[in-house]
Amino acid sequence: MSVSWFKYAAPMNFYPLAGKLIPVFWILAIGLTGFGLYWGFFQTPDVLSDQKQYYRIIFVHVAVSWMAMWLYGMMVFWGLVGLVFNTRLSFMMAQATSITGALMAFVALVSGAVWGKVSWGTWWDWDPRLTMMLILMFLYIGYIALHSAIDNSRRADQASAVLSLVGLAVVPIIYYSVNCPNPNECNSLHQESSFKGVESNILLGMLVTALGFWMYSFATILMRVRTIILERDINTKWVSKL
Amino acid sequence: MFNTFWMILKRDLKLALRRRSEVFTVLFFFIIVVSLFPLGVGFNEAMLQQIAPGVAWIAALLSSMLALERLFANDYVDGTLEQMLLTPQPLSMLVLAKMTAHWLLTGLPLILVAPVVGILYHLAPQTVITLMFMLLLGTPILSMIGAIGAALTLGLRGGGVLISLLILPLYIPVLIYGSSAITESTLQSGNIEPHIMLLSAFLLLSLIFSPWATASALKISLE
C-alpha cells in the first residue's frame, strides 16, 4: 500500500481535517487544564516546608514557559520543512505558531513577574532564566515583524523561516552567554533544576496543565491556520464553494 | 574565486571613499552616543569607569547597525546585485567581500577612535588597549550577522528599524563577552583569556555560516 505523505500538505485537503481536529483539541485542552488546575489548587498539600500559597502560580507559569520554548522549536521545524519541500502549508503553520508562541512567552514573563513580586519582592531580576525568556520573546517579535513587513507572502514565508533558523543557531550561544557572562566564574553560576524534588501531587498538576496548554496551542494554531488558508486562497475555486 | 573577492572588496571601498561623508556619519554617531551618556548619568569618575565598557559596546552595536541598510541597498536599486546573483561565482564569496568592506568602513574606524572613549570615561591605558582588542574581535561578528538581517529586509519599507528588531537580540553574546572582558581586565585577578576564546569561537562560527545564510536570504529577497 502506498502512503500519500503529501496528501494533507495541500491547503485544500488540510482545511477540513483541521476543522475536524479543532473541537477535539479544545475538549482535550479544557479537560486537561481544568483537571490540572483543580488538582493543583485543591489536591496538593496546603503548607509545604518553606513555600506559601503563591507557589500555586507554578501550574500556569511552568506550563506557559515550556510552551514558549517548545513552540519556537516547532516554528523552526515547520519553516525548515517549508524550505526543504517547498510546501505552502508548512509556512502557514510556522506563521500561525509564531503568534501563540509570542503570547506564551509574554504570559510566562507576566506570571513570573507576579511570582517574583511576592517571593523575591521584585517584579524583575536579571536572572538567566528571566533574561532568556525576554530574549525569546524578542526573537518571536522579530519573526512576526519581518513576516508582516513583507507583502509578497512567498518571500515573507521564506525570509522569516531563514530568520528563525538563524535565531535557533544563535540561541545556544545567547543561552550560554546569559547564563555565564563571566566564563571565569561559571561553576558558581550554574543553577540546579529543582524538578526532582517536587512533591508528586504538584508534579501531577503541573504536567497535566502543561499538557492542557499544549492542546490549547494546537487548537489555536489550527484555527489560525484555517484563517490564513482562507486569506491566501481567497481566489481559488474550492474556497468560493465553501 | 579570490579574484572576485578582491574585486568586489576594492569596488565597494572605492565607492564608499567617493562618498566619504557616509563613513564619517557612522563614526560621529558613535562618538556622539558615547559622549551623551555622561551628560545623562552624571560625571562621577568611578561610575563612568564602570559603565564605559557597556556604553562603548552598545554604541558600537548601534553604529554598525546604522550602516547595515546601505550594505546591499544601493546595489539592489541599480540592479548590480541581480547581476551578481547571475555570475557563476559562489554568491557567498561575493557576500563575504561585501561584509569585509562593511567592516573596514564601519568597524575599523570605531577601533581607531576607541581611545577617545578612554579619555571621556577616564579609563586606564591598559583598559583602552583591551577595549580596542575586543572591538577588533567583536565588530566583524556584527557586520557578518547584520548582513543576514540586511539581506532579509532588502527593499522593504522601514527596513532600517526592522533590521534592528531582527538583529539586536542576536548581538547579545558579543555585547556580553565584549564588555565583561573589559570589566574583567580592570580587576586585579582578572583573566580575560576565556572571553577572548569564546568571542573568537563566535567569530569563526559566524565566518563559516553567515555568508551562506546571507546568500540564501539574498536569493529569497531577489526571487
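**Helix packing, bends and contacts in chains A and B**

In this predicted model, helices α1(B) and α6(B) cross in a right-handed sense. The residues that make this contact come from both partners: α1(B) brings B:Thr4, B:Phe5, B:Ile8, B:Leu9, B:Asp12, B:Leu13 and B:Ala16, while α6(B) brings B:Met93, B:Leu94, B:Leu96, B:Ala97, B:Lys98, B:Thr100, B:Ala101, B:Leu104 and B:Leu105. Sorted by class, the contact of α1(B) with α6(B) holds twelve nonpolar, two polar and two charged residues. The axes of α1(B), which covers residues 2-18, and α6(B) lie 8 Å apart and make an angle of about 35 degrees.

Helix α6(B) rewards a second look. The helix runs over residues 91-120 of chain B, and its length can be checked with simple arithmetic: at 1.5 Å a residue, its 30 residues should span 44 Å, and because the C-alpha atoms at its two ends are 43 Å apart, expectation and model agree. The path of α6(B) is nevertheless bent, by about 40 degrees at B:Leu112, and the proline B:Pro115 follows within four residues.

What comes just after α6(B)? Here B:His122 takes a positive phi of about 55 degrees. Most residues other than glycine have a negative phi. B:His122 is not a glycine, yet its phi is positive. This histidine sits in the loop between α6 and α7 of chain B. With 13 other C-beta atoms within 10 Å, B:His122 is partly exposed.

A similar check can be made for α10(B). At 1.5 Å a residue, the 29 residues of this helix should span 42 Å; the end C-alpha atoms of α10(B) are 40 Å apart, so the two values agree. Like α6(B), which bends at B:Leu112, α10(B) has a kink, here of about 35 degrees at B:Phe209, and the proline B:Pro211 comes shortly after that point.

Attention now turns to the meeting of the two chains. In total, 27 residues of chain B are in contact with 25 residues of chain A. On the side of chain B that touches chain A, at least two residues each are supplied by α7 (125-152), α8 (159-167), α9 (172-185) and α10 (193-221). Which helix gives the most to this side of chain B? That helix is α10(B), with ten residues. By class, the side of chain B that touches chain A consists of 19 nonpolar, six polar and two charged residues.

Chain A itself contains eight helices and zero strands, so to a reader following its elements from the N terminus, the pattern is α-α-α-α-α-α-α-α. Its C-alpha trace spans about 65 × 45 × 35 Å along the principal axes. Chain A has 242 residues, of which 39% count as buried. Among the contacts in chain A with a separation of 6 or more, 77% join residues 24 or more positions apart.

Three residues of chain A give a closer view of local surroundings. A:Asn86 is found in the loop between α2 (58-85) and α3 (88-119) of chain A. Its phi is near 60 degrees, a positive value in a residue other than glycine. Is A:Asn86 buried or exposed? A residue counts as exposed if 12 or fewer other C-beta atoms lie within 10 Å of its own; A:Asn86 has 12, and is therefore exposed.

A:Trp124 lies in the loop between α3 and α4 (128-149) of chain A. With 14 C-beta neighbours inside 10 Å, A:Trp124 counts as partly exposed. Not counting residues up to four places away in sequence, this tryptophan touches A:Ala113, A:Gly116 and A:Leu130. The C-alpha atoms of A:Trp124 and A:His147 are separated by 30 Å, and these residues are 23 residues apart along the chain.

A:Ile202, by contrast, is placed in helix α7 of chain A, which covers residues 200-232. A residue is buried if 20 or more other C-beta atoms lie within 10 Å of its own; A:Ile202 has 21 and so is buried. Leaving aside neighbours within four places in sequence, A:Ile202 is in contact with A:Gly40 and A:Thr44. Between the C-alpha atoms of A:Ile202 and A:Asp233, which are 31 residues apart along the chain, the separation is 46 Å.

Notes: Residues are numbered from 1 along each chain as its sequence is written. Chains are lettered from A and ligands numbered from 1 in the order in which they are written. This is a predicted model: local features need pLDDT of at least 70, side-chain atom pairs count only at pLDDT 80 or more; totals for chains, interfaces and linings use all residues. Two residues are in contact if their C-beta atoms, placed from the backbone, lie within 7 Å. Ala, Val, Leu, Ile, Met, Phe, Trp, Tyr, Cys and Pro count as nonpolar, Asp, Glu, Lys and Arg as charged, and the others, Gly among them, as polar. The expected span of a helix is 1.5 Å times one less than its number of residues. The bend at a residue is the angle between axes fitted to the seven residues ending there and the seven starting there. Axes are lines fitted to C-alpha atoms, for helices over the stretch in contact, and angles run from 0 to 180 degrees between N-to-C directions. A crossing is left-handed if the near helix is turned anticlockwise from the far one by less than a right angle, and right-handed if clockwise.
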